[in-house]
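Visitor: Hi, I'm new to this one and would like a walk through it. Could you put it on screen so I can ask as I look?

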Amino acid sequence: MTMSPQHASRRRMYRRRRWLVGIIAVIVLALVAAAAFVVITYADANNGIRRSSISGMTGPKQNTGESNILIMGLDSRVDVNGKPFPQAIYDQIHAEDASVGGYNTNVLMLIHIPANGGKAVGISIPRDDYVDFPGAPGGVEKGKIKEAYGDAMNASLQKLADEGVPEADAYQQSRTAARQSTIKTVSEFLGGVRIDHFVEVTMAAFYEVAQAVQPITVCLNHATADTFSGADFPAGVQQLNAAQSMAFVRQRRDTTSSDFDMTDLDRTRRQQAFMVSLAVKLKQASTFTDFGKLQKLIDVAKKDVALDSDLDLLSFAQQAQSLAGGDISFVTLPIDHFDTVDGQDVNIVDVDAIRAQVHDLLNPPTPTAAPSASPSSSSGTKAGSGSTAPSAPATPNPVYTDSSSPLQSGNVPCVN
């Protein structure tokens with residue numbers, strides 16, 4: 001019996017369910033990163049998703065099977081072609097329209113997937129870290145790391161306009177230049193870390209994916225509200241719809257309480273926590289049995305996702321399978337102190353300390369096997385008893401109050 005094209009397509013999608021969750025659990029390191037990989041895994045690389053050729057990936061050659069992926073979450077109010085979002089999305093995400101905002105990478109996360117199935121790590125880079133810009137795009141030598149994208153893009157647009165390049169072509173070439181600039185800036189800042197691939201997503205991509213998988217379970221240590229992001233949450237475990245999810249990951253201040261001081265670092269931790277919560281949700285796989293939802297996610301990818309030309313999704317999915325159980329931890333790079341430079345509030349960082357920390361995170365010591373206990377050993381037993389002591393119960397919602405402490409995946413975490 002010949003299978004219809006639609007049934008064949010559905011069958012292929014369902015067959016990919018098993019390894020899709022593995023990708024989500026690893027790659028969705030941030031609100032927008034989550035959106036990207038839910039979507040792009042199902043779409044053909046040449047079927048409308050924006051690809052960007054990035055030459056000269058920096059850093060030493062990676063070990064076989066090892067990958068570093070840079071997640072770039074843009075705060076721009078336009079899609080990958082520079083077109084405005086539908087007004088309904090601006091309304092739901094509490095953001096101004098396309099006339100407001102630039103091209104800041106407000107989310108920068110490096111995912112390191114080690115060779116041979118080791119534990120992965122996600123490294124969040126605070127967006128206001130004051131860093132050097134390699135090549136000084138547009139004559140700017142230093143600035144907030146989030147601005148490397150926009151500075152390079154503006155410089156490229158001006159250059160190409162002067163050369164008479166058509167506007168649409170100049171726009172896409174400038175987006176490529178901006179991605180390259182961000183990759184070089186992050187690589188140098190982290191100590192020459194090689195970046196093998198990138199995924200770039202917009203706020204609209206996150207929102208539309210959240211619509212497809214809502215509600216998402218999260219947990220908060222404090223009741224909080226914020227008129228800027230639209231956040232209004234009680235303390236404790238709760239379920240969020242798409243608009244609330246956007247407020248959850250964007251909130252960085254509390255406008256109702258003087259004794260609850262949120263910072264940008266808390267927002268970064270929220271993004272990490274949301275990724276973990278989304279991975280927990282996706283393990284239920286309800287989204288992947290709905291063909292209509294899957295098609296919608298593919299359509300989102302074509303409008304709001306870009307990735308490098310060399311990222312092979314199927315091969316990467318196989319690499320990520322071992323992490324489907326959530327075997328990944330998240331860290332946020334430290335800030336030395338806050339300061340004001342040229343009228344802007346910035347994070348001053350100890351670059352040498354950051355590079356040393358990143359090196360240790362990407363090159364953990366090889367674990368040694370614990371010696372076998374002898375039959376007479378009392379290890380793991382209660383004194384005077386031959387029975388094994390019970391293991392500590394799992395914590396359903398581990399509590400994180402320090403935004404600099406590593407966040408472990410696996411269960412929905414409680415955060416500020």
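Visitor: Which elements each supply at least two residues of the lining of the largest cavity?
Guide: Those are β3 and α9. Helices (H or I, at least four residues) and strands (E, at least two) are DSSP runs, numbered from the N terminus. A word on the source: this is a predicted model, where local features need pLDDT of at least 70, side-chain atom pairs count only at pLDDT 80 or more, and totals for chains, interfaces and linings use all residues. Residues are numbered from 1 along each chain as its sequence is written, and side-chain values use heavy atoms, with hydrogens and water left out.

Visitor: What volume does the largest cavity have?
Guide: About 80 Å³. On a 1 Å grid over the protein atoms alone, a cavity is a set of points where a 1.4 Å probe fits but cannot get out, while a pocket is an open set with protein on both sides within 12 Å along at least five of seven lines; lining residues have an atom within 4 Å of a point. Points are joined across faces, edges and corners, and a volume is the space filled by probe spheres set on them. By this rule there are 4 cavities of 30 Å³ or more.

Visitor: Which residues line the largest cavity?
Guide: Among them are Asn106, Met109, Arg127, Asp264 and Gln271. By class, that lining has 5 nonpolar, 4 polar and 3 charged residues. Here Ala, Val, Leu, Ile, Met, Phe, Trp, Tyr, Cys and Pro count as nonpolar, Asp, Glu, Lys and Arg as charged, and the others, Gly among them, as polar.

Visitor: And the largest pocket, how many residues line it?
Guide: There are 24, and Asp75, Asn106, Arg127, Arg250 and Arg267 lie nearest its centre. The pocket holds about 440 Å³ of space. Its lining divides into 7 nonpolar, 7 polar and 10 charged residues. Elements that each give at least two of them include β2 (67–74), β3 (105–113) and α9 (264–283).

Visitor: Switching to sheets: what is the strand order in the one with 8 strands?
Guide: The order is β1-β12-β7-β2-β3-β4-β13-β16, an open sheet with mixed pairing. Two strands pair if DSSP finds at least two bridges between them. The edge strands, β1 (50–52) and β16 (407–408), each pair on one side only.

Visitor: Which helix packs on that sheet?
Guide: Helix α12 (residues 351–362) does, touching β2, β3, β4 (120–124) and β13 (328–332). Contact means heavy atoms within 4.5 Å. The direction of α12 makes about 160° with that of β4; axes are lines fitted to C-alpha atoms, for helices over the stretch in contact, and angles run from 0 to 180 degrees between N-to-C directions.

Visitor: What about the sheet of 3 strands?
Guide: That open sheet runs β11-β8-β17, again with mixed pairing. Strand β8 (residues 216–220) and β11 are antiparallel, joined by 5 bridges. In β11, leucine 240 is the bridge partner of isoleucine 216.

Visitor: How many salt bridges does the structure hold?
Guide: It holds 9, a salt bridge being a side-chain nitrogen of Lys or Arg within 4 Å of a carboxyl oxygen of Asp or Glu. One of them joins aspartate 132 and lysine 142, with the closest N and O atoms 2.8 Å apart. Aspartate 132 is in strand β5 (residues 130–132) and lysine 142 in strand β6 (residues 142–144), so the pair ties together parts that are 10 residues apart in sequence.
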